[in-house]
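Work through the following exercises with the sequence and the predicted model open side by side. Each task is followed by a solution that goes step by step.

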Amino acid sequence: MVSHRQLLGALFAAAALSAAAAPMPENSGMVCDSMIVNGWGVKPVLGDTQFILERDAGDFTILPNLIADNSRGKSAAEYTIDATLTDINGRVFARQESKLAVPAGGRSKADPFEGTRQRLNNQVALFTAEIADAAGRTTRISGIFGEAAPVGPEKADVFGMNVHFGRYDADQRWKLYPLLKKAGVSTVRTDSSFRNFKTREEARETLLRLKEAILGQEAFGFESMVLVGYFPPGFHRSAEKLVTAREWMELLARELKGRASFHYGNETNSGWGAFGAAADMAQLNNAMAIGTEAGDPGARRGSFGIAEGDIAYLDRFLEAGAGDRLDAICLHPYGGTPEASVAKLLAARGVIRKHGGNQQIWATEVGFHTDEAGKRNELTGNLTGVSGFTLLHQRQLLARLFVLALSHGIERIYWYDFYGLKDPETFYLVNPDLTLRDSYHALAECARQLKGARPLGGTAPHELIQRHYFRRADGTTVMAAWALAGGVRADFRLPANAEAADDLGRPVALPPDRVPVLGDGVLYVTGLKLPEFTARKVIAGTLDERNFNRPMSRFTVRPGGTVQIPWSVWNGSAAPVEAAPAVLRRLPGWKIGLPGNIAVEPGKQHNGKILLTAPADAVPGVEYEFTFAANIDGLQRTLPYTVRVAAEGEFPYRAIQQTASGSCPMWNPMDESKAGTGNPELTARRGSAKIDGDLAEWKPEEFFPIDQKFQWILRDSGIPSAEDWSGWIAFRWDEKKLYAAVLVRDDELFFGDFLSRDWRDSDNMRLFLSSVADPAKRAKTITGDDLLLIMTPTGVARTEGPMLNIASLGGLVRSGMESQVEMKSRVWKSGYVLEAAIPFSLFNAKPAEGTVLGLNVMADDCDGGFRQHVGMTYYKSPNYWNSPAALGNLKLGK
């Protein structure tokens with residue numbers, strides 16, 4: 001096999017030879033020594049004859065010849081050729097019919113438009129040839145030809161799309177381009193790679209395929225962003241990786257000069273075609289960026305797409321100097337909700353700024369795949385027992401994603417992906433038969449509402465009620481609003497002239513009091529004269545008559561007692577305002593008494609009080625945290641302020657937190673692929689427990705630490721400190737139930753995801769159980785003998801009790817079982833207690849002393865609004881999260 005280094009050298013040399021051999025058109029390519037090349041991609045066949053388009057590799061304005069290759073045929077044949085040219089509006093503007101005879105065992109060539117036209121200047125068209133034989137059998141061959149003006153990166157906005165154009169012929173692409181245009185897409189992520197670097201011919205074909213795809217994209221006005229990834233074994237074995245990477249990118253950038261942006265690899269921190277540590281990928285990305293700059297100094301250069309939008313990895317990546325030559329950081333912030341995905345992007349921006357960078361943020365893959373196979377969760381009302389989202393949720397989440405990104409200044413979002421043909425995944429917006437999903441229409445409506453709009457601010461991604469304001473290019477304004485839980489009454493009232501539409505653009509009737517009820521879908525509100533979301537000249541906070549030599553936002557209260565919290569509003573504007581108290585973050589069990597709305601004159605301050613009443617069972621010795629603000633004149637809001645309230649008394653569970661890890665092997669951060677770590681067998685004491693959210697009856701020695709903490713198969717993902725996240729669990733059993741007690745210490749609690757299949761972007765605790773005693777006989781997917789419980793101590797509003805999802809994750813879908821599990825929790829600022837009683841009958845277990853069950857205890861730790869780490873008691877294999885075969889054991893003891 002030719003080495004990459006030799007191959008690139010040959011291509012460069014061929015380019016030079018081609019350039020020196022004869023004068024060439026200005027737009028000609030320089031990728032081969034012969035200007036004329038056979039076609040690539042699908043080569044249709046009729047009988048024994050294969051048909052090929054012969055193209056000019058250096059000039060796409062020259063229309064092709066048609067070759068009939070009958071070298072394997074034993075008899076001569078004649079074919080009728082019906083050639084057409086179709087413009088970008090779908091109009092056939094040229095047509096010519098001709099005959100093509102081919103001898104037995106030979107080849108023939110024809111110019112389908114002989115005598116009429118040879119070139120397409122200043123336009124791009126779809127060339128097609130319908131070929132028929134004497135028996136009436138037909139086939140078709142197509143290509144894209146012509147000349148289009150390059151579309152620069154300044155034309156790209158937040159509305160981007162992944163389209164696997166390499167999977168489709170020119171006919172199919174020509175049908176997709178108008179659909180992309182109507183959906184408001186401005187930039188398309190296009191695949192290219194080292195994949196075909198086995199021969200010079202295949203490398204040349206990679207370039208020509210890419211050029212044809214970009215030509216079509218330019219014709220419809222799309223900026224092209226090229227993914228260069230998928231490094232083959234030959235590249236990994238090379239001793240000259242940086243040389244090869246640099247030279248390939250120089251060649252690619254030179255061939256596409258002025259026509260494309262680039263990013264360098266696909267999820268190489270997670271194993272998609274590579275598995276590179278941050279420091280190693282920084283070197284490779286820098287070499288590719290240097291090559292790009294040499295070939296096209298004006299091209300935008302983006303990093304490889306960092307899987308999961310991993311912030312710890314990004315930190316190390318930039319620390320190693322990767323940002324020096326990049327214009328953008330590319331992330332794949334897949335999440336359980338759009339709010340979690342955008343929270344990752346905002347956290348990435350913070351890391352970039354920490355390292356002194358100013359790179360753009362490109363989410364080069366993000367989306368929500370569909371699966372309609374599940375049933376509704378009794379507690380949450382959401383369809384979560386599935387492998388994906390419903391079609392309705394996909395439509396709703398798509399609109400939320402693009403609204404959030406635009407509101408928070410994210411430069412590009414590339415939805416994954418567009419078209420379902422030849423796509424085993426279900427993220428697509430256009431079905432294989434080219435019918436359109438509602439999610440396609442939601443994208444088109446979002447672009448119609450917000451294309452070119454300037455954000456005026458909005459809520460933080462974690463808030464229950466989401467509202468975001470925009471000013472369009474014509475000066476009109478629009479609000480986009482929804483809730484993270486269905487059926488939530490809005491915290492604003494709309495004026496009489498306001499009009500509302502749903503995420504498909506259909507009118508929505510407002511209730512008589514003009515306060516809309518918000519759900520999962522975006523509500524667009526027009527007819528408003530919206531100011532900026534934040535009332536910057538009005539301040540709400542704790543500065544009242546007290547002396548601020550002592551902290552004015554910290555308070556103490558006894559369990560069951562009430563404390564007064566200041567709600568002071570100062571109006572620094574020139575006009576009077578109406579202020580109303582707003583509760584932005586709370587904790588379950590606490591009662592909040594709010595003052596009424598007040599009028600505040602210019603330059604004046606009003607000092608009001610909020611009454612906080614602690615629950616009688618508040619955990620002593622811990623802090624509780626609440627966030628407040630003031631809504632101003634109905635549609636604006638002050639900056640929020642947070643108060644801390646300490647419950648008096650001694651923390652009762654300190655002894656449990658002293659439980660140390662045993663002698664089991666620990667996960668090794670030097671080798672992220674290591675498995676078989678943690679405690680393979682926990683024990684449960686015989687006896688029942690009162691499910692009341694109080695661990696007083698549990699003994700410290702019953703608890704096991706949840707001490708395997710990492711991020712599954714992600715390079716350089718970091719390990720949370722004990723203060724960041726720690727957990728302990730204990731078990732008991734009787735003849736009917738398994739009892740579990742959980743204590744968690746967490747520096748930041750978040751409960752924002754109750755839509756995804758596994759609530760991945762909420763802090764959660766998972767118990768994965770199996771009644772099959774022999775590990776070798778446990779199933780690979782969840783069956784009736786297995787049970788996966790995903791539990792949170794409260795819900796998204798933080799007023800709810802504990803929440804439960806009995807999840808299938810690709811296995812048996814259950815319904816109506818959550819209500820059979822008894823749960824109770826208590827939650828404070830930096831932790832929670834959770835107790836559960838699980839009937840053995842739910843997973844066919846027959847309890848007895850000495851019985852062995854399958855078990856793993858897992859937890860997701862969410863910080864900043866998204867999952868950052870995973871904890872568990874035992875890590876047997878990467879399938880720990882959904883396969884009973886990856887479980888450890890739980891032994892029922894005395």
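**Exercise 1. Decide for each of the two faces of strand S12 whether its residues are buried or exposed, and find the partner strand.**

Solution. Begin with the strand as a whole: S12 covers residues 223-229, and seven of its seven residues are buried. Next, separate the two sides, for in a regular strand the side chains alternate between the two faces of the sheet. Glu223, Met225, Leu227 and Gly229 lie on one side of S12, Ser224, Val226 and Val228 lie on the other, and all of them are buried, so that both faces are covered. Finally, look for the neighbour: strand S13 (residues 260-263) runs parallel to S12 and is joined to it by four bridges, and within S13 the bridge partner of valine 226 is phenylalanine 262.

**Exercise 2. Examine strand S16 in the manner of the previous exercise, and state in which sense it pairs with strand S15.**

Solution. Residues 328-332 form S16, and because five of the five are buried, this strand is largely enclosed by the rest of the structure. Ala328, Cys330 and His332 point one way, while Ile329 and Leu331 point the other way, and all are buried. The pairing of S16 with S15 (residues 306-307) is in the parallel sense and extends over two bridges, with leucine 331 in S16 as the bridge partner of isoleucine 306.

**Exercise 3. Determine which residues of strand S7 make up its covered face and which its uncovered one.**

Solution. In S7 (residues 107-110), Ser108 and Ala110 form the covered face, whereas Arg107 and Lys109 form the uncovered one. Then turn to the pairing: strand S4 (residues 65-69) and S7 run antiparallel and are joined by four bridges, and alanine 68 stands opposite serine 108 of S7.

**Exercise 4. Check the lengths of helices H3 and H9 against the expected spans, and count their buried residues.**

Solution. Take H3 (residues 200-219) at the start: at 1.5 Å a residue, its 20 residues should span 28 Å, and the end C-alpha atoms are 29 Å apart, which agrees. Of these 20 residues 15 are buried, so H3 is largely enclosed by the rest of the structure. Just after H3, glycine 221 takes a positive phi of about 90°.

Treat H9 (residues 391-407) likewise. Its 17 residues should span 24 Å at 1.5 Å a residue, and the end C-alpha atoms lie 25 Å apart, which agrees. H9 is mostly covered, with 15 of its 17 residues buried, and glycine 409, just after H9, takes a positive phi of about 75°.

**Exercise 5. Identify the residues with the most contacts inside the largest nonpolar core, and the element that gives the largest share of this core.**

Solution. As background, in soluble globular proteins, nonpolar side chains tend to be buried together. The largest nonpolar core here has 208 residues, and those with the most contacts inside it are Phe262, Phe317, Phe418 and Phe731. Helix H9 gives the largest share of this core, nine residues. A second, separate core has 23 residues, including Phe51, Ala68, Phe127 and Ala129; Ala68 is also the residue that stands opposite serine 108.

**Exercise 6. Describe the second largest pocket and the largest cavity by volume and by lining.**

Solution. The second largest pocket has a volume of about 770 Å³. It is lined by 32 residues, of which Ile465, Asp491, Ala582, Val583 and Asn631 are the closest to its centre. Strand S22 (488-489) and strand S30 (577-585) are the elements that give two or more residues to this lining, and the largest share, eight residues, comes from S30. By class, the lining of this pocket divides into 17 nonpolar, five polar and 10 charged residues.

For the cavities, a search of the whole structure finds three of 30 Å³ or more, and the largest cavity holds about 50 Å³ of space. Its lining consists of Thr337, Arg400, Leu484, Asp520, Gly752, Asp753, Phe754 and Leu755, which divide into three nonpolar, two polar and three charged residues.

**Exercise 7. Locate glutamate 697 and decide how exposed it is.**

Solution. Glutamate 697 is placed in the loop between strand S38 (681-686) and strand S39 (704-705). Its relative accessible area is 34%, and since buried means under 20% and exposed over 50%, glutamate 697 is partly exposed.

Terms used: Residues are numbered from 1 along each chain as its sequence is written. This is a predicted model: local features need pLDDT of at least 70, side-chain atom pairs count only at pLDDT 80 or more; totals for chains, interfaces and linings use all residues. Side-chain values use heavy atoms; hydrogens and water are left out. On a 1 Å grid over the protein atoms alone, a cavity is a set of points where a 1.4 Å probe fits but cannot get out, and a pocket is an open set with protein on both sides within 12 Å along at least five of seven lines; lining residues have an atom within 4 Å of a point. Grid points are joined across faces, edges and corners, and a volume is the space filled by probe spheres set on the points. Ala, Val, Leu, Ile, Met, Phe, Trp, Tyr, Cys and Pro count as nonpolar, Asp, Glu, Lys and Arg as charged, and the others, Gly among them, as polar. A nonpolar core is a set of buried Ala, Val, Leu, Ile, Met, Phe, Trp, Tyr and Cys residues joined through side-chain atoms within 4.5 Å. Buried means under 20% relative accessible area, exposed over 50%, partly exposed in between (1.4 Å probe, protein chains only). Two strands pair if DSSP finds at least two bridges between them. The expected span of a helix is 1.5 Å times one less than its number of residues.
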